[in-house]
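Trainee: I would like a close look at one part of this model, a single loop. Please start there and then work outward to the rest.

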Amino acid sequence: MKALYFAWVRERVGLAEEELAPPASVATIAELIDWLRNRGENYAAAFGDDRTVRAALDRRHAKPHERIAGAREIAFFPPMTGG
Amino acid sequence: MRILRLQKEPFELSAEIASLTAGRDVGALVTFTGLCRHEGRLLGLEIEHYPDMAAAEIARVVEEACGRWPLDGVLVIHRYGLIRPGEPIVLVATTSRHRGEAFAAAEFLMDYLKTRAPFWKREHTRAGLGEWVGAREEDAQAAEKWGS
């Protein structure tokens, strides 16, 4: 699946986007975040220890418990500050 | 009539609202414009966004507003890129037969856009790009008051 990173999540990861191929055991957004945290310090810094970072599956807001199967695009970003 | 736009360029309020009212039998028009503040130090705000989701999310929020109130028209324009102090960032305009629903829908749209539309502001100062603006708890509370 394609992963997109925005704002300070993008800066800390060091990438705007990449292809992810998590193992089949990674079923939910929360599990994907845990898997990413273990990929390197940049990911650990981006995702931190709490649930500040938000996610969207195929351009819709999604909660940590939601399943990633079938999604083509996942995005990670800080709480929004538009308007 | 629904007009939703994401754009880099500034916009002109009077020209934008004319498209909502021209030739239409509208009783109430409410507009909200969000502006970039100077705060004594800013050269501007740099707004990053997630283009495809921003368009989709704004459309969903507008759909929700149209389901809650009988609106004749909705206009939402949100800018991205570098925005100078004094320039507009966002415009929400609603039209309806009477003022109550236009006021309520405009406030709802702004409260929802603040917490759901994927835009992120960053301060632009003389030293270059600075801090990311943090989300405000007041904005989350404002959105929650409308229920889900």
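Mentor: R59(A) sits in the loop that joins β3 and β4 of chain A. The model is predicted, and what follows should be read as a description of that prediction. The phi angle of R59(A) is positive, about 70°, although R59(A) is not a glycine. Most residues other than glycine have a negative phi. D58(A) shares the loop, which lies between β3 (54-57) and β4 (60-62) of chain A. D58(A) also has a positive phi, about 45°, and is not a glycine either.

Are these two residues buried or exposed? R59(A) counts as buried because it has 22 C-beta neighbours inside 10 Å, and the cut-off for that label is 20 or more. D58(A) has 15 other C-beta atoms within 10 Å, so it is partly exposed.

Another loop of chain A can be set beside this one. L20(A) is placed in the loop between β2 (17-19) and α2 (29-37) of chain A. With 15 other C-beta atoms within 10 Å, L20(A) is partly exposed. Leaving aside residues up to four places away in sequence, L20(A) touches M1(A) and A3(A). L20(A) and R60(A) are separated by 40 residues in sequence, and their C-alpha atoms are 19 Å apart in space.

Now the chain that holds both loops. Chain A has 3 helices and 5 strands, and along the sequence they follow the pattern β-α-β-α-α-β-β-β. The radius of gyration of chain A is 12 Å, close to the 12 Å that the globule rule gives for 83 residues, so chain A is as compact as a globular protein of that length. The C-alpha trace of chain A spans about 35 × 30 × 20 Å along its principal axes. Of its 83 residues, 33% count as buried. Among contacts in chain A with a separation of 6 or more, 52% are between residues 24 or more positions apart.

Chain A also touches chain B. The contact takes 15 residues from chain A and 22 residues from chain B. On the side of chain A, the elements that give two or more residues are α1 (7-13) and β5 (73-77). By class, that side of chain A has 10 nonpolar, 4 polar and 1 charged residues.

On the other side of the contact, chain B has 4 helices and 8 strands. From the N terminus on, its elements run β-α-β-β-α-β-β-β-α-β-β-α. A compact globule of 148 residues would have a radius of gyration near 15 Å, and chain B, at 16 Å, agrees with that. The C-alpha trace of chain B spans about 50 × 35 × 30 Å along its principal axes. Of the 148 residues of chain B, 32% count as buried. Residues 24 or more positions apart make up 77% of the contacts in chain B with a separation of 6 or more.

One residue of chain B can be followed as an example. A65(B) lies in helix α2 (residues 51-68) of chain B. A65(B) counts as buried because it has 24 C-beta neighbours inside 10 Å. Not counting residues up to four places away in sequence, A65(B) touches L71(B), V74(B), A105(B), F108(B) and L109(B). A65(B) and E12(B) are 53 residues apart in sequence and, C-alpha to C-alpha, 24 Å apart in space.

A pair of helices in chain B remains. The axes of α3 (residues 99-116) and α4 (residues 137-144) of chain B come within 8 Å and cross at roughly 130°. The two helices, α3(B) and α4(B), are therefore oblique to each other. Their crossing is left-handed. From α3(B), the contact is made by D111(B), Y112(B), K114(B) and T115(B), and from α4(B) by D139(B), A140(B), A142(B) and A143(B). By class, this contact of α3(B) with α4(B) has 4 nonpolar, 1 polar and 3 charged residues.

To return to the loop you asked for: R59(A) is buried, D58(A) is partly exposed, and both have a positive phi.

Notes
Residues are numbered from 1 along each chain as its sequence is written. Chains are lettered from A and ligands numbered from 1 in the order in which they are written. This is a predicted model: local features need pLDDT of at least 70, side-chain atom pairs count only at pLDDT 80 or more; totals for chains, interfaces and linings use all residues. Axes are lines fitted to C-alpha atoms, for helices over the stretch in contact, and angles run from 0 to 180 degrees between N-to-C directions. Angles under 35 degrees count as roughly parallel, over 145 as roughly antiparallel, 65 to 115 as roughly perpendicular and the rest as oblique. A crossing is left-handed if the near helix is turned anticlockwise from the far one by less than a right angle, and right-handed if clockwise. Two residues are in contact if their C-beta atoms, placed from the backbone, lie within 7 Å. Ala, Val, Leu, Ile, Met, Phe, Trp, Tyr, Cys and Pro count as nonpolar, Asp, Glu, Lys and Arg as charged, and the others, Gly among them, as polar. The radius of gyration is taken over C-alpha atoms; the globule rule is 2.2 Å times the number of residues to the power 0.38. A residue is buried if 20 or more other C-beta atoms lie within 10 Å of its own, exposed if 12 or fewer, and partly exposed in between; C-beta atoms are placed from the backbone.
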